[in-house]
Amino acid sequence: MVHIIILGPPGIGKGTQAQIYSETHNIAHISTGDILRTEATQNTPLGKEIKKIINDGNYAPDKIITALLKKRLQEEDCKNGAVFDGYPRTEEQAQALEAIIKINYAIYLHAPEEKLETMILERLGNRTQCTICKQVYNTKYAPQKTGMCNKCGGHLAKRADDTPETIKKRIDTYNKLTKPIIEFYKKKGILYQIDGTKTPEEIAKEIEGIAMEE
Ligand code: AP5
Ligand code: MG
């Protein structure tokens, strides 16, 4: 049973790697971003609040995230382990997760400060995502063959928060609230840093070399 966290700035490739690892090891892929986007499609007060938070490049309140996460962990596919993609994102979330399960590896995908913004604007400017199975594509690096999702045939769409203005705000929010938790996992001795500018295949191979099943 293995529990892995994938940490890193917006667009660094967390979702891409979480999906590869979860499929290879047949464990759950838990993306709080995907969970929140599904909530945001509901025409409820909570759904509307979450939609605004995401599109403004801010973070959803820790209490809401922890409640959604606990619910997700009850699902059948979490019995064999999980890859957490974009969670935890704050110190409070990291503490809350400690109380729920033991994390074996924290993988930190990073890029040099001077390259980061240009690289992320380019990657996210070219990203599309399947509206049904959430598979991520990139018109430049990982194109879909048919204009529809290669996996399930679903419609592909751009994310509403992938505008240059919101991407810059997401990077700021990340620097303020998520960067400090890198230290949290370093102190626990389970932090592994990987250069996020490498190809998806190279990164996946490095993760395989680190995150052995226990
Ligand atoms: P979330 O959906 O997690 O967004 P994010 O953190 O901004 O990250 P992205 O999903 O944009 O990027 P990614 O790192 O997954 O990259 P991807 O693999 O797609 O969260 C969205 C929002 O929800 C947050 O802003 C916040 O509001 C809220 N939220 C979520 N979790 C929360 C939490 N825990 N607490 C509070 N609020 C929360 O790759 C990007 C593109 O690049 C793709 O096109 C891909 O094909 C391509 N690509 C991937 N890897 C490579 C590579 N190595 N080389 C070249 N291209 C690559
Ligand atoms: Mg993602």
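## A tour from the ligand outward

Start by selecting ligand 1: 36 residues surround ligand 1, and the closest are Thr16, Asn58, Arg89, Arg127 and Arg170. Keep in mind throughout that this is a predicted model.

**Stop 1: polar contacts of the ligand**

Select Arg170 next. One of its polar side-chain atoms lies 2.7 Å from an oxygen atom of ligand 1. Now move to Lys198. Here the backbone does the work of the contact: a polar backbone atom of Lys198 is 2.9 Å from a nitrogen atom of ligand 1. Then pick Pro200. A polar backbone atom of Pro200 is 3.4 Å from a nitrogen atom of ligand 1.

Switch on a surface for the protein. On its own, ligand 1 has 1000 Å² of accessible area, and the protein covers 97% of that.

**Stop 2: the shell around the ligand**

Color by element. Five entries give two or more residues each to the shell: helix 1 (14-25), helix 2 (32-40), helix 6 (113-125), strand 6 (136-138) and helix 9 (200-210). Which element provides the largest share of the shell? Select helix 2: four residues of the shell come from there.

Recolor the shell by residue class. You will find 15 nonpolar, 12 polar and nine charged residues.

**Stop 3: a helix pair**

Select residues 164-178, which are helix 7, and residues 180-188, which are helix 8. Their axes are 5 Å apart, and the packing angle is about 40°. Angles from 35 to 65 degrees fall outside the parallel and perpendicular ranges, so helix 7 and helix 8 are oblique to each other.

Show the side chains at the contact. Helix 7 contributes Tyr174, Asn175, Lys176, Leu177 and Thr178. Helix 8 contributes Pro180, Ile181 and Ile182. By class, this contact has five nonpolar, two polar and one charged residues.

**Stop 4: two backbone details**

Go to Tyr87 and Pro88. The peptide bond joining them is cis, with omega about -5°. Pro88 sits in the loop between strand 3 (81-85) and helix 5 (91-98).

Finish at Asn26. What is the sign of phi at this residue, positive or negative? Phi is near 55°, a positive value in a residue other than glycine. Look to either side to place Asn26: the loop lies between helix 1 and strand 2 (28-31).

Methods: Residues numbered from 1 in each chain as written. Chains lettered and ligands numbered in written order. Predicted model: local features only at pLDDT ≥ 70, side-chain atom pairs only at ≥ 80, totals over all residues. Heavy atoms only, no water. Near = heavy atom within 4 Å. Polar contact = N/O pair within 3.5 Å; in protein donor to acceptor, adjacent residues only side chain to side chain. Areas by Shrake-Rupley, 256 points an atom, 1.4 Å probe, with all protein chains shown as cover. Nonpolar A, V, L, I, M, F, W, Y, C, P; charged D, E, K, R; others polar. Axes fitted to C-alpha atoms, helices over the stretch in contact; angles between N-to-C directions. Parallel < 35°, antiparallel > 145°, perpendicular 65-115°, else oblique. Contact = heavy atoms within 4.5 Å.
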